[in-house]
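Colleague: Could you take me closely through one part of this model, chain B, beginning with the face it turns to its partner and then going on to its sheets? I would like a connected account rather than a list.

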Amino acid sequence: MSKPLRKTEPMSTTTPSPAATIVSLPAPAVNLWRGRLMQWLREMAATILPPLITLAVILGVWQIMCMKPDAALPSPARIWSEARDLIVDPFFVAGPQDIGLGWRVLTSLQRVGIGFGLAGVTGIVVGAIIGQSMWTMRGLDPIFQILRTVPPLAWLPISLAAFRDSRPSAIFVIFITSIWPIIINTAVGIRNIPQDYRNVAAVVRLNQIEFFWKIMIPSAAPYIFTGLRIGIGLSWLAIVAAEMLTGGVGVGFFIWDAWNSSRLADIFVALAYIGLTGFVLDRIVAAVGSFATRGTQAS
Amino acid sequence: MAYLKLDHIDKVFSRGGRDSEVLRDVTLSVERGEYISIIGHSGCGKSTLLNIVAGLTPVTRGAVLLEEREVNAPGPDRAVVFQNHSLLPWLSAYDNVRLGVDKAFGASRSRAERHDWTMHNLDLVQMAHAKDKRPSEISGGMKQRIGIARALAMEPKVLLLDEPFGALDALTRAHLQDSVMALHQKLGNTVLMITHDVDEAVLLSDRIVMMTNGPAAHIGEVLDVALPRLRRRLELATSPVYLKCRQRVLEFLYERHRYVEAA
């Protein structure tokens, strides 16, 4: 809308002189910056305190339940005393197989990065092709729906047989586990592009490539990122299982190794590492998604 | 010879083995610079007719001729302003208009010229101040203005408006109608507008095309609106010609072709 141009005309030509003396008020006692800081701290406390309290309660109950000397599982205090080096320093190197859990997580992340990266690119392209055509969708969707329920480990023997090497096998397992939700979500996103956008594209005469970049990808982006988010979660699930069997340096093998040498405390520490890393991965994909899809929600 | 000619257009939709005839023998000639409104009850196929002219829906029989050439695919020479604005929500107002400009003039104009032309069209609809806003950040009326700018910027031979003010509140609608009227006066576009608002049709049009009810809708009557331009809303309220035109359309719609609820 056009803003009406309004000339600011003075109501009267002479400035009225104040009838009473002006009393200046004292400056507010609390300064604004400090007030804002206090409010920020209060908000932070409201989000951080509840999970911390819950964690303390869980650790407390666990400690009480596993305090007996003949308990099957170690208590938090025992984990702390037995696996202290793993907890306090994630990045120590004391020998070829005696390295900090940070290094192991990074090795696993590298595998996930390759497998998930391949799955992301392939999944989006395949999903886009499938979403374009009703017949490919009808033909392939039931197969995908069945394949996506196959557990990651079930793929492992096949990929070991095909690749005859543990490293590509682990990556393949990640790839094949995480690709289905990416394909399916992308295809659904493409199919749900509103007819309006297709009409716009037709009227301005976008060609296939322009349509892909300017309409399809932005319009389907929220769906694509949902697929990627499910996919990264699944690939993190798969890596641990795959590494248990293929060996090597990753965090999955570390758990298997710790179990074989009865270091239960180490396993608990590794679980914490895995959980936190999975959480961070999920949040990263979610954050990238909400940044990339800002404004794409139709209104 | 007419500028735009709809030549004996039939449209039959086939769905699930059953044919439903939407339009039968629609023939209409539009002169250059004319403002035509197509009015009719819901479901009479007026949007189908507009989509046929736009090239978004193929005809079953007959043809659309623009400057004596048949058109049967969408193109920038027949730009559409859609009812629900259809702006791309991930692009700014400027980029939405620029998309059409780049496609229409990518080969013939330089980058700077295309920028100037985009800004010029945003200026025409008084939206230059919101060029960096995304559609979700502006009001319904503003979105529709951007939609109009996008269509105008493609320099179409025919501007197709599909109930462009349908989703707006009464005050915004009046404001936008005045803007469209002023733009038509200034640019002299040939306009084909779908509407179901009698006042809007009489206010804006040179001719009003009244459609009978479907199925197999056709043109029931064409009314010339012999009101001089530039029309002013307030003066028209008491103008005998305006009232008579209004009367004629109302009679057509509510007496002779009363809307029968689908059973």
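Modeller: What follows describes the interface of chain B first, and then the sheets and helices of that chain. Please keep in mind throughout that this is a predicted model.

On the interface, 32 residues of chain B are in contact with 23 residues of chain A, and the two chains bury about 2300 Å² between them, with 64% of that area on carbon and sulfur atoms. Within chain B, the residues that lose the most area to chain A are B:Trp90, B:Leu99 and B:Lys103, which together make up 28% of what that side buries. The last of these, B:Lys103, has a further part to play, for its side chain meets that of A:Glu210 in a salt bridge, at 2.8 Å from N to O. The count of salt bridges between chain B and chain A is 1, whereas a search of the whole structure finds 22 over all chains. As for polar contacts, 5 residue pairs are found across this interface, with both residues at pLDDT 80 or more.

The elements of chain B that give two or more residues to the side touching chain A are strand S6 (78–81), helix H2 (93–105), helix H4 (140–153) and helix H5 (170–187). Of the contributions to this side, that of H4(B) is the most, with 5 residues. By residue type, the side of chain B that touches chain A divides into 15 nonpolar, 11 polar and 6 charged residues.

Both S6(B) and H4(B) lead from the interface to one of the sheets. In chain B, an open sheet of 6 strands follows the order S6-S7-S8-S3-S9-S10, with mixed pairing. S6(B) and strand S10 (219–224) of chain B stand at its edges, and each has a single partner strand, so one side of each is left without a neighbour in the sheet. From one strand to the next the twist averages 20°. H4(B) lies across S6(B) and strand S7 (158–162) of chain B, and runs at about 180° to S6(B). Towards the S10(B) edge, strand S9 (residues 207–211) of chain B pairs with S10(B) in the antiparallel sense over 5 bridges, and B:Ile208 stands opposite B:Leu223 in S10(B).

Chain B also has an open sheet of 4 strands, in the order S2-S1-S4-S5, with antiparallel pairing. Here strand S2 (18–30) and strand S5 (69–70) of chain B are the edge strands, each with a single partner, so that one side of each has no neighbour in the sheet. S5(B) is joined to strand S4 (residues 61–66) of chain B by 2 bridges, the two strands running antiparallel, and B:Leu65 stands opposite B:Glu70 in S5(B). Helix H1 (residues 46–54) of chain B lies across strand S1 (4–15), S2 and S4 of chain B, and its direction is at about 115° to S1(B).

A salt bridge also belongs to this part of chain B: B:Arg61 forms one with B:Asp10, the closest N and O atoms being 2.9 Å apart. Because B:Arg61 lies in strand S4 and B:Asp10 in strand S1 of chain B, the pair ties together parts that are 51 residues apart in sequence.

How values were computed
Residues are numbered from 1 along each chain as its sequence is written. Chains are lettered from A and ligands numbered from 1 in the order in which they are written. This is a predicted model: local features need pLDDT of at least 70, side-chain atom pairs count only at pLDDT 80 or more; totals for chains, interfaces and linings use all residues. Side-chain values use heavy atoms; hydrogens and water are left out. Contact means heavy atoms within 4.5 Å. Buried area is the accessible area (1.4 Å probe) that two parts lose on being put together, summed over both. A salt bridge is a side-chain nitrogen of Lys or Arg within 4 Å of a carboxyl oxygen of Asp or Glu. A polar contact is a pair of N or O atoms within 3.5 Å; within protein, one must be able to donate a hydrogen and the other to accept it, and residues adjacent in sequence count only if both atoms are side-chain atoms. Ala, Val, Leu, Ile, Met, Phe, Trp, Tyr, Cys and Pro count as nonpolar, Asp, Glu, Lys and Arg as charged, and the others, Gly among them, as polar. Two strands pair if DSSP finds at least two bridges between them. Axes are lines fitted to C-alpha atoms, for helices over the stretch in contact, and angles run from 0 to 180 degrees between N-to-C directions.
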